[in-house]
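Hi,

Here is the structure I promised to pass on. Have a look at it first, and then read my notes underneath.

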Amino acid sequence: MSVDSAQSARPGEWVDTVGITPDAASTLFPMRIPTERYTSPAFVDREREAIWSKVWQVVGRVEDLEKPGDFAEYRIFDQSYVVILGRDGQIRGFVNVCRHRGNALFSGGGHARGRIVCQYHLWSYDLEGNLRGCSKPEIDKDSHGLLQVPVDTFAGFIFLNPDPGAAPLREFLGADVIRMLEPYHLDEMTTVMNVREPLECNWKVVMDAFEEGYHISGIHPQLLRVIVIDPAKTKYRFLDKHSIAVAPFEVSHVDGMGPDKQVEGIMELPETFPGVVRVLPRFTELVDSHRDPDGDLVFPAGVTGRTLLQQATRDTLSRDGLDVSDLTDEQMSDNHGWVLFPNFFMTIRAGEATVIMSTPHPDGDPNRCFWHITSFMWLPPEHRSAFAADLVDVTEPGSFKYFEALQQDYEQMPRQQRGLRNTQLDHMALVNEEVVIAHYHSVIDRYLAAAR
């Protein structure tokens, strides 16, 4: 497929057309991953310098900052930053420190009423970071504003980079990432789940866990009732630092099922994929249109439960006001698994997405991290406030119950970390279906090499 034809196609068709298989992809990257990068304090130090001080990272949602003066703190290791909405409607990022004696200005999230005031000596700044309140003539106000760091937005997310000389966000993401994600209208989606919790594992254990479906048989056996993971049908795209994996969303063993069994399987999907609920009324209408006079279900050539689910999804979302014209039929049903380096994993299909982010623990312990789970749905404007979720900070391990598949991952990851601490195990041996992990670690290696 030529570059010109790829650019003229719907973005989702590009993955299906030029994506590569697990076997082909696995020849491109090292498939042995050293275990010391999960357990070594020295490796944490290298990552901190080479990666976390240099890359764009998601620090919140645009919707979190509604009014001028709304702010949110972001911490990475012992570094603290703040993003704040100015009077001019622009979101800016600053180092969270007063220029006088280094006092921290912000904690958590909240609202600054017109001025940012340091409570130590009452120096004050406007919402654009300029020093305004300091009566000492020996202080040059023009050169003592808040220290600014790059901030930009994409798809409704706020990104921050600790490096003042960083290349622009859109250059970091790349034109292909932007082109392929824009048709989902993520910026219009509502946050319907928002949970952050410390975990007893390295932050990369979290990323690795969601970069492959090979573990479904062992960790999520209930999913095998309703979907099939077939390596022969999985496709990958590697976009420099980032990647996409696509596996068809199918009822298990659909090729050997009659229409009734296909429909029965799809009607079970909401137990695992709650977003399917909203399209079931239209799905049922479409199914019933294929019943003969005796009520028997007969699918003509080219029609399956999967294609009817896709049509029902497109019809339902379009009726509710979401423009899905630039999404393929496959994107109505299939999750695209996105990895945006360094710590952003997302599954997304028409109308809904789930994002998992992990960050190193602030104390630098390689065996601990934080994960942050957010789920998004596209909802008509009149329903958004009713379903919007506030952040839940979990402090007591095990007190928050995730939906079934996520709970299983939550319980598995600390087990892996305990195993990785065994000193005789010096590497992980990846199989072909885990090639996204291999690509991901090759990007880590590039950043580490560039820092030497």
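Below is what turned up on aromatic rings, charges over rings, cysteines and one glutamine.

One thing before you start: this is a predicted model, so please read everything here as computed from that model.

Aromatic rings first. There are 14 aromatic pairs in the structure. One of them is Phe157 with Phe376, an edge-to-face pair with 5.6 Å between the ring centres and 85° between the planes. What does this pair tie together? Phe157 belongs to strand β12 (residues 157–160) and Phe376 to strand β19 (residues 369–377), so the contact between the rings links parts that are 219 residues apart in sequence. Phe157 and Phe376 are both buried.

Another pair to look up is Tyr402 and Tyr410. Their ring centres are 5.3 Å apart and the planes meet at 45°, which is why the pair counts as tilted; planes have to be over 60 degrees apart for edge-to-face and under 30 for stacked. Tyr402 and Tyr410 are buried too. They also belong to a bigger group: together with Phe210, Phe345, Trp371 and Phe400, they make up one aromatic cluster.

Next, charges over rings. Lys204 lies over the face of Tyr38, 5.5 Å from the ring centre. Arg384 has its charged end over the ring of Trp378, at 5.4 Å from the centre of that ring.

Now the cysteines, in case you were wondering about disulfides. How many are there? The count is zero. A disulfide is a covalent bond between the sulfur atoms of two cysteines, and the cut-off used here is 2.5 Å between the sulfurs. For Cys201, the closest cysteine sulfur is the one in Cys369, and at 4.0 Å it is too far away for a bond. Cys134 has Cys98 as the home of its closest cysteine sulfur, at 8.8 Å, which is again too far. Are these two residues buried or exposed? Cys201 is buried at 0% relative accessibility, and Cys134 counts as buried at 10%.

Last one: Gln417. You will find it in helix α15 (residues 404–420). Gln417 has a relative accessible area of 0%, so it is buried. Leaving aside residues up to four places away in sequence, Gln417 touches Tyr38, Thr39, Glu200, Cys201, Asn202, Val205, Pro366 and Asn367. Two of those names have come up already: Tyr38 has Lys204 over its face, and Cys201 is one of the buried cysteines.

Cheers

Key. Residues numbered from 1 in each chain as written. Predicted model: local features only at pLDDT ≥ 70, side-chain atom pairs only at ≥ 80, totals over all residues. Heavy atoms only, no water. Phe/Tyr/Trp six-rings, centres within 6.5 Å; stacked < 30°, edge-to-face > 60°. Helix = DSSP H or I, 4+ residues; strand = E, 2+ residues; numbered from the N terminus. Buried < 20%, exposed > 50% of the residue type's maximum accessible area, 1.4 Å probe, protein only. Lys NZ or Arg CZ within 6 Å of the ring centre and 35° of its normal. Contact = heavy atoms within 4.5 Å.
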